[in-house]
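Welcome, and thanks for opening the viewer. Let's take a short walk through this model, one selection at a time.

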Amino acid sequence: MFLKGKSAIITGSTSGIGLAYAKALAAEGCAVMINGFGDANAIEQERAGLEALSGAKALYDAADMSKPDQIAAMVARAQSELGGADILISNAGIQHVAPVDEFPPEKWDAIIAINLSSTFHLMRAAIPAMKAKKWGRIITTASAHSLVASPNKAAYVAAKHGIAGLTKTVALETAIHGITVNCISPGYVWTPLVENQIPDTMKARGLTREQVMNDVLLAAQPTKQFVHPEQVAALALFLCRDEAASITGANYAMDGGWTAA
Ligand code: NAD
């Protein structure tokens, strides 16, 4: 349990990749603050499960990542109730798909706020305490779309490229303080978000489940395999180790070879 005595904030951790991060950290004894939307009972069950797993506190905070004041309040709460946020994982994200000339401006604003600006507000609030402790780990979930583009995803690709640049910049600024800042850039990950798209796509395109998975979703992923949330979380856990102290400013693709093409 190498994270005993440490605490973490993981945004967007009520499902998918974020929940896998929370479980991986808790399994190493880390106190965690989870965040995101969803059914209150289901969230409470996950929170209690994390507390049982870690033997440390697990809290839930409903801060909306599009609201800077709520982000600041969540970081302050982690500091008062968990003794800090030694590890910050900025992961909350949304998507909207449309050609740029039909892209609703309010969707653009929401994606930039949640997928990009929230990370700035989180870092800004959490870094002073990390500097004081001379130790910190910041991990951002970017995407293969931090490295390459796809049509109809203007806001998402802009936000994820922004995350890659923000991560590198803050890595340089904090390197001297014992803080590392890295991106993980997954390809298609098997989460409820992806799984739930399959029936609609089958119907809309007249395809079988297998055709949707291989010819639509995994078309760009040479392994023809989905990444699993636990694989992403395992890399994040490694980045929290002392052995990873010299890894900073990196952007790790975990995309089955997508961005090698
Ligand atoms: P998900 O939909 O399962 O999880 C998203 C999480 O963000 C949920 O907990 C949700 O409640 C939360 N969230 C959404 N809006 C929020 C807001 N305004 N404030 C606070 N929380 C909010 O999706 P996921 O696939 O686990 O995605 C997590 C991250 O991984 C995202 O940043 C996404 O862009 C990135 N990603 C996902 C994939 C994939 O294939 N699933 C691939 C690459 C990158």
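**A tour around the ligand**

Start by colouring domain 1 (7–189 + 227–260) and domain 2 (190–226) separately: the shell around the ligand takes at least three residues from each of them. Keep in mind as you look that this is a predicted model.

Next, select the ligand and show the residues around it. You should find 29 residues surrounding the ligand, and the closest are Thr14, Ser15, Asn91, Tyr156 and Val189. Try colouring this shell by class: 14 residues are nonpolar, 13 are polar and two are charged.

Now turn on a surface for the protein alone. The space that the ligand takes is the largest pocket. Which elements give two or more residues to the shell around the ligand? Select α1 (16–26), α5 (154–174) and α6 (192–195) to see them.

Time to zoom in on some individual atoms:

- Pick glycine 12, where a backbone N or O atom lies 3.4 Å from an oxygen atom of the ligand.
- Move to asparagine 91, which has a backbone N or O atom 2.7 Å from an oxygen atom of the ligand.
- Then show the side chain of lysine 160: one of its polar atoms lies 3.0 Å from a ligand oxygen atom.

Finally, zoom back out and bring the ligand and the protein surface together. On its own, the ligand has 830 Å² of accessible area, and the protein covers 92% of that.

Key. Residues numbered from 1 in each chain as written. Predicted model: local features only at pLDDT ≥ 70, side-chain atom pairs only at ≥ 80, totals over all residues. Heavy atoms only, no water. Near = heavy atom within 4 Å. Polar contact = N/O pair within 3.5 Å; in protein donor to acceptor, adjacent residues only side chain to side chain. Areas by Shrake-Rupley, 256 points an atom, 1.4 Å probe, with all protein chains shown as cover. 1 Å grid on protein atoms, 1.4 Å probe; cavity = no way out; pocket = protein on both sides within 12 Å on 5 of 7 lines; lining within 4 Å. Sits in = over half its atoms within 2 Å of the grid points. Helix = DSSP H or I, 4+ residues; strand = E, 2+ residues; numbered from the N terminus. Nonpolar A, V, L, I, M, F, W, Y, C, P; charged D, E, K, R; others polar. Domains from an automatic or database assignment.
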